[in-house]
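Some labels used for this structure rest on cut-offs. The turns below go through a few of them.

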Amino acid sequence: MTSRWQPYREPLRTTILRTGMIAIVGGAVLARLWGGLVRWPMATLLALWPSFGGHWVEVWFLNWLRPRLSIERSAQVTARVGVWFVGGAGLAMGMGLTAMALAGLPQAHWPAWWLGGLVFVGIELVAHLTLQLRGQPSFYNGRG
């Protein structure tokens with residue numbers, strides 16, 4: 001079990017800028033669906049969970065778990081999708097708790113925990129498809 005993986009490194013400023021912009025745009029979309037511009041700040045805060053938090057889920061996989069796994073493609077794919085699912089479920093629960101604490105939104109209005117995992121897997125697959133189409137290392141080509 002040898003590892004060929006290099007640790008993922010990115011300046012924190014770059015991470016904050018990229019994930020913050022994603023949260024602002026995602027927050028705008030959510031605010032439009034939820035009733036207008038007045039909800040944009042809260043929607044942006046909630047969108048930070050999958051954008052900024054999701055970045056750290058991916059970094060944890062890349063820098064801690066991936067080097068400890070077999071380099072077999074099937075092991076890497078299974079573990080990564082599993083991490084995305086569990087991480088997404090956790091991030092969704094964080095979003096729900098934040099919404100309950102700051103907006104008084106009752107728990108009954110939030111979907112089941114596992115739905116967050118499925119949605120996050122979908123988000124990651126789309127993000128990695130974008131990387132793949134740009135010729136960069138991604139989940140699809142096994143280099144990222």
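Q: What makes Arg73 count as lying over the face of Phe139?
A: In this predicted model, Arg73 is 5.7 Å from the ring centre of Phe139. The cut-off for that distance is 6 Å, taken from CZ of Arg, together with an angle within 35 degrees of the ring normal. Arg73 is therefore listed as lying over the face of the ring. Phe139 is also linked by ring pairs with Trp84 and Tyr140 into a cluster.

Q: Why is the pair of Phe52 and Trp56 called edge-to-face?
A: The search of the whole structure gives 5 aromatic pairs. For Phe52 and Trp56, the ring centres are 6.0 Å apart and the planes stand at 80 degrees. Centres within 6.5 Å make a pair, and planes over 60 degrees apart make the pair edge-to-face, so both conditions are met. The two residues are 4 apart in helix α2 (residues 40-65), about one turn of the helix.

Q: Why are Phe52 and Trp56 described as partly exposed?
A: Phe52 has a relative accessible area of 30%, and Trp56 has 38%. Partly exposed covers the range between 20% and 50%, so both residues fall in that class.

Q: How do you know that Phe85 and Trp113 form an edge-to-face pair?
A: Their centres are 6.1 Å apart, with 70 degrees between the planes. The limits are within 6.5 Å and over 60 degrees, so the pair qualifies. Phe85 is in helix α3 and Trp113 in helix α4 (residues 113-133), 28 residues apart along the chain.

Q: Why is Gly94 called buried?
A: Gly94, in helix α3 (residues 73-103), has a relative accessible area of 8%. Buried means under 20%, so the label applies.

How values were computed:
Residues numbered from 1 in each chain as written. Predicted model: local features only at pLDDT ≥ 70, side-chain atom pairs only at ≥ 80, totals over all residues. Heavy atoms only, no water. Buried < 20%, exposed > 50% of the residue type's maximum accessible area, 1.4 Å probe, protein only. Phe/Tyr/Trp six-rings, centres within 6.5 Å; stacked < 30°, edge-to-face > 60°.
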